[in-house]
Amino acid sequence: MNPFESFLLRQRAVILDGALATELEQRGADLNDALWSARVLLEKPDLIRQVHYDYLMAGADVLTTASYQATFAGFARRGLNEAQAADLLRLSVHLAIEARDDFWREPANRVGRKRPLVAASIGPYGAYLADGSEYSGGYGLSRDELMDFHRPRLAILAASGADLLACETIPCAREGEALVALLSEFPHLPAWLSFSCRNGQEVSDGGLFADCAALANASDQIVAVGVNCTAPRYIEEILRTAGGITHKLLLCYPNSGEAWDPLHNCWIGGSASGFALPAQRWYAAGARLIGGCCRTTPDDVRSIRQALAQI
């Protein structure tokens, strides 16, 4: 059930990819849209495939799909019907699989590597709202309402050919509970569960990360739990907390250290100076799946892989 075990038999850590949306933006994509990176599925799918491929060349063992902000409700708001929305969700996975297969077709790329995995991204309810509430968790929805929201997208992605689901940037325990409960409806597919945190102890809505990490133990399908889209300075404390609570693999893929300003639609604050030494510290703190989130690049992923190979 755990797709990462075979990787960890031959290497110290599984290398996750880095940012997709902000990397697309750096390459000219216009993300000033409620669909964010999902807009590129409509307009420039080849660009998504190329970014995926570049992360593999940089050393990523896992590609995360462009479905983070792709939801039936969000596409309906843009005038797309259910069939069109479902096709775009499938496309997000297909693009990653194509990039993976193109990469793996070249014998030189297989040296010292295992065949990379494709993780279908499941972003939080707040990502659909596109108002920054994914960083606050203040939805006012019940667990059942959150399950109803996530179910149609999860059903498509669970049958898409992805190797696992990436339930990511979850800001609150209630949404984590909803996703853990919903996974039981799709028992064939493993998943990871990753929360966003506002400091070393609290997830984005102010609840304790320790309580959220404990949710992973309730599901055999959750193969890893941890933190993403969180400033690098908090990661070690978060990992040490998780290590004392769960027996699951620990993961981290922090952002660059900048914060998103939803009022002005821009990134603010300073960024991390590099990911090589921090990645070694995150490994020492227990992380076995390590990558980057917003504002990280293929170069950051390359430095993570190289740094962990030196341990």
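Cysteine 229 is found in the loop that runs between strand 6 and helix 12 (235-243), in what is a predicted model. Its backbone has a positive phi of about 45 degrees although cysteine 229 is not a glycine. Most residues other than glycine have a negative phi, which gives a reason to look at this position with some care. Cysteine 229 has a relative accessible area of 7% and therefore counts as buried, since the cut-off for that term is under 20%.

Asparagine 228 belongs to strand 6, which covers residues 222-228. Because its relative accessibility is 0%, asparagine 228 is also classed as buried. The side chain of asparagine 228 makes a polar contact with the side chain of serine 194, at 2.8 Å. Leaving out residues up to four places away in sequence, asparagine 228 touches Glu168, Thr169, Ser194, Phe195, Ser196, Tyr253 and Cys293.

One of those partners, threonine 169, lies in strand 4 and has a positive phi of about 60 degrees, although threonine 169 is not a glycine. With a relative accessible area of 2%, threonine 169 is buried.

Two further partners of asparagine 228, Glu168 and Cys293, lead on to the interior space of the model. The count comes to 1 cavity of 30 Å³ or more, and the largest cavity holds about 260 Å³ of space. Its lining is made up of 23 residues, and those that lie nearest its centre are Gly18, Ala19, Leu20, Glu168 and Cys293. Helix 2 (21-26) and strand 4 (164-170) are the elements that give two or more residues to this lining. By character, the lining residues divide into 11 nonpolar, 9 polar and 3 charged.

Helix 2 also appears in the surroundings of helix 14, whose buried residues pack against strand 1 (14-15), helix 2, helix 4 (45-58), helix 13 (276-284) and strand 10 (287-290). Helix 14 itself comprises the 12 residues 298-309 and reaches 17 Å from its first C-alpha to its last, close to the 16 Å expected at 1.5 Å a residue. Its buried residues are Pro298, Asp300, Val301, Ser303, Ile304, Arg305, Ala307 and Leu308.

A last stop is phenylalanine 72, which is placed in helix 5 (residues 72-77). Apart from its neighbours within four places in sequence, phenylalanine 72 is in contact with Glu82, Ala85, Ala86, Leu89, Pro152, Arg153 and Ile156. For one of these pairs, phenylalanine 72 and glutamate 82, the separation is 10 residues in sequence and 6.6 Å in space, taken from C-alpha to C-alpha.

How values were computed: Residues numbered from 1 in each chain as written. Predicted model: local features only at pLDDT ≥ 70, side-chain atom pairs only at ≥ 80, totals over all residues. Heavy atoms only, no water. 1 Å grid on protein atoms, 1.4 Å probe; cavity = no way out; pocket = protein on both sides within 12 Å on 5 of 7 lines; lining within 4 Å. Points joined across faces, edges and corners; volume = space filled by probe spheres on them. Helix = DSSP H or I, 4+ residues; strand = E, 2+ residues; numbered from the N terminus. Nonpolar A, V, L, I, M, F, W, Y, C, P; charged D, E, K, R; others polar. Contact = heavy atoms within 4.5 Å. Expected span 1.5 Å × (residues − 1). Buried < 20%, exposed > 50% of the residue type's maximum accessible area, 1.4 Å probe, protein only. Polar contact = N/O pair within 3.5 Å; in protein donor to acceptor, adjacent residues only side chain to side chain.
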